[in-house]
Amino acid sequence: MIIYGVNPVLDCINLYSEKIVKLYVSKRSINKFSKKQLGIIKDISIEYLSDREFENLSKTNNHQSVAAEIKVNPIMGLSELKQNINDLGKVVILDHIQDPQNIGAIARTAVFFGVSTIILPSNRTASVSPGSVKSSSGSIFSVNFYQVSNLGNAINELKGKDYWILGAHLDGDDYKDAKYDKFIDEKIAIVMGSEEKGLSPLISKNCDILVRIKRKGLTNSLNVNVATAILLSRFLS
């Protein structure tokens, strides 16, 4: 995968340099690297490109004359989910999130809270992309992604291993309610719906519990990443 832009590439150098296969820079952009970063990349292949070559590589003119080819962890499927299910820890399930930047931001939030498993559907969803890598500030490399053809099947596999499935839904009960305290130390998967439609009816029915974040102001909804952060902070010990 090719990522581009000063901040995404520098984040990758600082945090995940082992993921970099090759760096692409211009004569002027190499000056944007600190001495420490130059020391980190001394054994990485570097190729100097012109602005036209950067546009061909990145398919955009917003490349800032810095790009990198990176190794991305393979996205796993249902069979791998079954194999690894005893070691998943807390889980985030995303029900047809459309914006790749939201995928990246949620990955960053998940890593902040110590969650390393995100499950996505195979169709009608954003996935790991240069945009999601950028919005995750590199945190996406610390997440194991599973894409499955049927989220319901993945949820049933989790239930079979004593996971509680908590869905974010406008018709749910207040997530702060004390009756939910008991789930803090339990095996849970938090399910977040799409930006426009929320949880699909079928996935809602598959959830054990539906919770909502109570509104106090005029705004009627939160960005899905913000909502994910609020719920993770509530249900993670």
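This report describes the main sheet of a predicted model, the helices that pack on that sheet, and the nonpolar cores.

The sheet is open and has 6 strands, which follow the order 7-6-5-9-8-10 and pair in a parallel manner. Strand 7 (144-148) and strand 10 (209-212) stand at the edges, and because each has a single partner strand, one side of each is left without a neighbour in the sheet. Neighbouring strands are turned against each other by 30° on average, when direction is ignored. Within the sheet, strand 5 (residues 91-95) runs parallel to strand 9 (residues 188-193), and the two are joined by 5 bridges; I93, for example, has V191 in strand 9 as its bridge partner.

Two helices that pack on this sheet are set out below.

| Helix | Residues | Strands touched | Angle between directions |
|---|---|---|---|
| Helix 7 | 151-160 | strands 5, 6, 7, 8 and 9 | about 160° with strand 5 |
| Helix 9 | 224-235 | strands 5, 8, 9 and 10 | about 160° with strand 9 |

The nonpolar side chains come next. In soluble globular proteins, such side chains tend to be buried together. The largest nonpolar core here holds 50 residues, of which L23, F33, L94, I118 and F145 touch the most other members. Helix 1 (residues 6-16) gives the most to this core, contributing 6 residues. If the neighbours within four places in sequence are left aside, L94 is in contact with I103, I106, I118, I119, L120, P121, L151 and M192. A second core, separate from the largest one, consists of 20 residues, among them L81, V91, Y146 and I203.

Note on methods:
Residues numbered from 1 in each chain as written. Predicted model: local features only at pLDDT ≥ 70, side-chain atom pairs only at ≥ 80, totals over all residues. Heavy atoms only, no water. Pairing = 2+ DSSP bridges. Helix = DSSP H or I, 4+ residues; strand = E, 2+ residues; numbered from the N terminus. Axes fitted to C-alpha atoms, helices over the stretch in contact; angles between N-to-C directions. Contact = heavy atoms within 4.5 Å. Core = buried A, V, L, I, M, F, W, Y, C linked by side-chain atoms within 4.5 Å. Buried < 20%, exposed > 50% of the residue type's maximum accessible area, 1.4 Å probe, protein only.
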